[in-house]
Amino acid sequence: MKFVNLIFLFALILIVNLIAFAHKGRVTIFKSAADTIIQLDSTDKFPRITAKLKKSKRNSTSKNDTIPKVIANDTSKRGNLTVGRDTSKRGAILDTSKNKSTLDNEVKEIADSSFNDTKTQISYRIGNARVTYGNFELDAEYIRIDRKNHLIFASGMPDKRTGRYIGRPISKQGKESPITSDSLYFNYETKKGHIYNPFSEQDGNYISHGEAKKLNDDEVAYHNVIFSACDKPSKGETPDYGIVITRGIGEKKRIISGPAYLEIEGIPIPIGIPFGFFPKQDTRSSGVLLPTFGEDATLGFFLRDFGYYIGLSDYADLTNLGTYYSNGSYEVSSALNYMSRYKYNGALTLSYSSHNYGLAGDPPQKDFHIDWQHTQNPNASPGSTFSASVNAGTSSFYQNNPASTGYNLQQLTSNALRSSISYSKTWEGTPFNMTTSLDHSQDLTAKTVSLQLPNINFSMSSINPFQSKDEVGEQKWYEKITLAYNMTATNQITNVPESELFKSETLTKRLQNGIQHQIPVGLSLNVFKFFQFNMGANYTERWYFQSIRQHYARADSLATDTVPGFKRVGNYNLSAGLSTKLYGTVYFKNSRLMAVRHVITPSLSFSYAPDYSGLDRSYNHLIVSNASVPYPVVYSRYSYFQNSVYGGPQGGRQAGLNLSIDNNLEAKFRPKSTDTSQTPKKVQLLQSLAFNTFYNFAADSFKLTPIAISGHTGLFNDKVNVSFGGSFDPYVTKVFDSVSAGRVTAYSHKFNRYTWQDGKIPKLTSFNFSLSGTLNPASFHPTPNNTDASALPGYNPNLPNTLNNATEAQRQSMALLNSDPSAYIDFNIPWNLVMNYNFSYTDNYVNTNHVNTIMLSGDFSLTPKWKIQFNTNYDLQAKQLSSATSFAIYRDLHCWDLSVNWVPFGFYKSYNVTLKVKSAILQALKLTKRSDYTSNASFNNY
């Protein structure tokens with residue numbers, strides 16, 4: 001098996017290199033061929049250019065042939081072709097008033113130079129020639145008009161300086177797509193014509209090469225034309241692939257062909273059909289979707305993604321897909337895409353699967369999933385918005401349906417799903433707004449679900465209730481008092497097992513609800529010129545429609561009952577604070593560094609909150625068990641609201657001081673001599689370094705809380721973010737040994753004594769450090785125009801260039817080009833690196849623990865057409881890579897894509913190699929070799 005895999009990979013690499021070489025060689029060789037007149041026919045069926053035509057010869061020719069020979073047949077000699085011209089000066093206007101027919105008023109032509117033969121009634125237009133007749137338009141370098149026979153002949157001509165064949169005819173009739181060709185003739189009365197080496201495009205489909213004969217306004221006969229989705233014919237080149245239609249009839253909405261065969265890189269493939277049907281519709285059309293064939297190591301042979309596409313309207317379509325495996329497993333899905341321009345757009349996908357992973361006769365594993373994304377245009381309904389982001393299903397859906405996500409490693413390894421459907425309303429001219437949502441969260445590891453049905457938030461932004469409407473002069477102190485209001489309400493079910501979610505007792509017994517009101521009042525004043533004084537009060541009121549009661553059913557068994565009925569509880573707290581800023585600056589001379597400024601922001605505040613944990617409160621109770629041998633007396637305290645959605649008032653009285661000191665350090669540099677603006681540059685050396693602690697006067701012991709430290713800054717113009725934090729324990733703690741179950745164990749005991757009383761500094765009990773950022777050329781050299789990726793709406797420079805991080809505009813554009821959205825690769829950015837380093841340390845005196853990991857992801861381009869992506873995590877402590885390490889290689893072959901996805905080790909070890917056509921309508925043209933992941937951790941087939 002390994003030998004077969006190696007042979008396949010070798011063959012695939014050989015095919016890719018042959019395609020790349022042919023692609024490169026074809027461009028080089030074809031340019032010389034495209035720059036000359038392409039040979040049309042060797043049977044003298046088509047006109048040729050001869051040497052300078054004499055009048056007698058031209059007249060005699062016209063008697064026998066209504067189309068003089070004006071197109072060269074020999075392409076081996078460049079620049080030998082000439083066209084007879086009148087000796088009149090270029091651009092001169094000739095008098096054609098004599099023998100003027102009525103058609104002269106209908107056929108209109110212009111050119112750089114002209115020649116009219118009055119005897120044969122043939123006119124020659126050379127150089128940027130243009131002819132119009134009714135709704136027929138024709139542009140070419142050379143046009144000949146035979147008014148006697150109502151024929152128009154057009155072709156290009158060789159450039160005298162370069163020898164290139166320039167000015168190919170471009171014809172258009174009515175609303176049809178323009179047609180480019182090497183040469184053509186057209187009867188402007190019968191509307192029939194003959195086109196040689198045509199090229200036309202419609203909705204990403206290209207017809208080129210061969211011959212086309214226009215039979216009437218609705219039908220065209222084709223001979224040896226190439227039907228392809230490759231855009232190379234638009235550049236005058238042969239397509240990378242296509243279907244050669246030897247004979248066929250083209251209508252407005254379809255092409256009916258006779259014998260046809262496949263051609264790749266100019267090489268005929270022995271795959272043909274006796275007849276065929278190719279749609280050419282400019283509107284949505286329903287039809288059958290062809291499946292792909294393959295084999296799954298566990299489920300057997302399969303037919304994947306067969307189904308039916310329904311074009312419901314110009315604003316919606318429906319795709320129904322199914323997959324069937326030989327062991328009886330199956331997968332079905334329906335995807336609805338809808339859009340109303342300037343209003344909303346969205347996509348809804350419903351999936352269901354049944355897989356037989358067990359032994360014969362075992363029940364199948366059934367999964368379902370729903371994915372709904374809905375976005376409303378903010379201008380569609382000012383003041384109100386509706387959005388939906390639903391991602392819900394069974395916890396095993398991704399593991400059992402890896403193909404539905406394109407074997408996406410991030411989704412296969414995800415451990416949570418979240419959904420939200422929200423509606424918000426803002427009342428113009430008022431401070432009121434409301435938001436309501438249905439929220440869902442799911443733990444895929446624990447297989448539990450939490451629902452909020454619904455969440456409601458109604459709020460009033462801060463107002464100044466005492467401010468005078470006719471204010472004159474400076475604002476009074478009482479007019480600065482602010483008042484706000486916020487109400488939240490919810491019905492929720494928390495951590496319900498998936499198997500119990502749809503049971504009737506789940507909603508009746510496990511549903512919790514509550515309403516919380518908050519009213520904050522504040523006042524901010526400037527005192528003593530340099531100080532900011534803040535004072536506030538906050539009142540919180542909670543309403544519940546059920547509460548709990550606890551009792552001991554037995555001496556050692558605690559029972560909890562849920563009691564329906566309305567209960568309320570409220571609490572308040574007060575605070576007052578004073579803050580200021582201290583500045584210190586150091587200046588430097590004779591240096592590019594001008595100055596360094598240090599800003600210190602001290603803040604001292606006092607807060608007070610009553611004790612809500614006392615038994616004097618009606619909602620707090622002490623329960624005691626009955627004493628019986630051999631059980632001792634057991635007691636506990638509880639609150640009616642301790643398990644409620646918003647909880648109850650916090651216990652313990654607080655009356656203390658909070659001290660906080662923040663630091664900021666920045667530098668100023670002189671501009672470089674090459675800087676035309678001559679503006680000094682400011683650099684943040686340290687954006688923040690803060691210390692915080694709280695001293696509670698009301699506590700009977702341990703009044704000082706641990707001293708917290710935190711900070712953050714940015715490097716390389718904020719391209720790399722650095723943050724850190726820690727905690728210091730100010731109290732003396734000692735470790736003692738204890739003997740339990742014949743083993744010596746250690747435990748710690750804290751004393752109500754400060755460490756500095758013993759001449760020691762507080763002990764560092766926890767510390768964390770993180771470094772994250774994104775580096776790419778765009779971040780170092782931003783461009784002023786909109787071609788920079790950072791100028792795109794929704795672009796986030798801290799994320800890698802993958803499909804998951806593409807903007808909405810990128811996704812919509814990509815969907816029009818490729819039916820496989822996971823194939824999105826941005827080749828415009830040569831390299832991109834996303835890094836996240838995390839270090840954490842904890843010490844509880846008995847033992848220590850630390851985590852030291854680094855995450856790297858990104859991509860880089862080996863060449864403008866080769867892209868390599870990677871994603872890995874490395875545990876520096878364990879010195880091992882994460883099992884989720886993955887690599888991806890992409891090769892842009894113009895109209896083809898080569899992709900290699902590889903997970904080299906771990907639970908999801910697998911690889912996938914695909915060579916396919918980019919076009920959405922020819923997705924069946926692909927070569928795939930896949931090794932799907934398996935649940936066997938020791939899997940090693942390659």
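Is W427 buried, partly exposed or exposed? Hold that thought while the tour sets out. This is a predicted model, in which local features need pLDDT of at least 70 and side-chain atom pairs count only at pLDDT 80 or more, while totals for chains, interfaces and linings use all residues. Residues are numbered from 1 along each chain as its sequence is written, and side-chain values use heavy atoms, with hydrogens and water left out.

**Stop 1: W427 and F458**

Select W427, and you have the reply: W427 is partly exposed, at 36% relative accessibility. Here buried means under 20% relative accessible area, exposed means over 50%, and partly exposed lies in between (1.4 Å probe, protein chains only). Now add F458, which is also partly exposed, with a relative accessible area of 24%.

**Stop 2: the aromatic pairs**

Rings of Phe, Tyr and Trp (its six-membered ring) pair if their centres lie within 6.5 Å; planes under 30 degrees apart count as stacked, over 60 as edge-to-face and the rest as tilted. By this rule there are 28 aromatic pairs. Show Y124 and Y142: the ring centres are 6.4 Å apart and the planes stand at 35°, so this pair is tilted. Y124 belongs to strand β3 and Y142 to strand β4, so the pair ties together parts 18 residues apart in sequence. Strands here are DSSP runs (E, at least two residues), numbered from the N terminus. Both Y124 and Y142 are buried.

Return to W427 and F458 for another geometry: with centres 6.3 Å apart and planes at 65°, the pair is edge-to-face. W427 is in the loop between β29 (416-426) and β30 (432-443), and F458 is in strand β31 (residues 448-463), so parts 31 residues apart in sequence are tied together.

Next, select Y544, Y619, Y638, Y640 and F641, which form one aromatic cluster. Then add R549, whose charged end sits over the ring of Y640, 3.7 Å from its centre. The rule for this is NZ of Lys or CZ of Arg within 6 Å of the ring centre and within 35 degrees of the ring normal. For a further example, go to R304, which lies over the face of F302 at 4.0 Å from the ring centre.

**Stop 3: the nonpolar cores**

A nonpolar core is a set of buried Ala, Val, Leu, Ile, Met, Phe, Trp, Tyr and Cys residues joined through side-chain atoms within 4.5 Å. The largest has 27 residues, and L138, I143, I152, Y222 and I255 have the most contacts inside it. Colour β4 (136-146), since the largest share of this core, five residues, comes from β4. Centre on L138, which touches residues including V131, I143, I152, A154 and L184, not counting residues up to four places away in sequence. Contact means heavy atoms within 4.5 Å. Apart from this core lies another, of 11 residues, among them C230, L893, L898 and Y911.

**Stop 4: the disulfide**

Keep C230 and add C895: the two form a disulfide, with sulfur atoms 2.2 Å apart (the cut-off is within 2.5 Å). C230 lies in the loop between β15 (220-228) and β16 (241-250), and C895 in the loop between β51 (886-893) and β52 (896-903), so the pair ties together parts 665 residues apart in sequence. The torsion about the S-S bond is about 75°, so the disulfide is right-handed. Both cysteines, C230 and C895, are buried, and the structure holds one disulfide.

**Stop 5: R247**

Finish in strand β16 with R247, which is exposed, with a relative accessible area of 55%. Beyond its neighbours within four places in sequence, R247 is in contact with Y222, H223, S257, G258 and P259.

Note on methods
Helix = DSSP H or I, 4+ residues; strand = E, 2+ residues; numbered from the N terminus.
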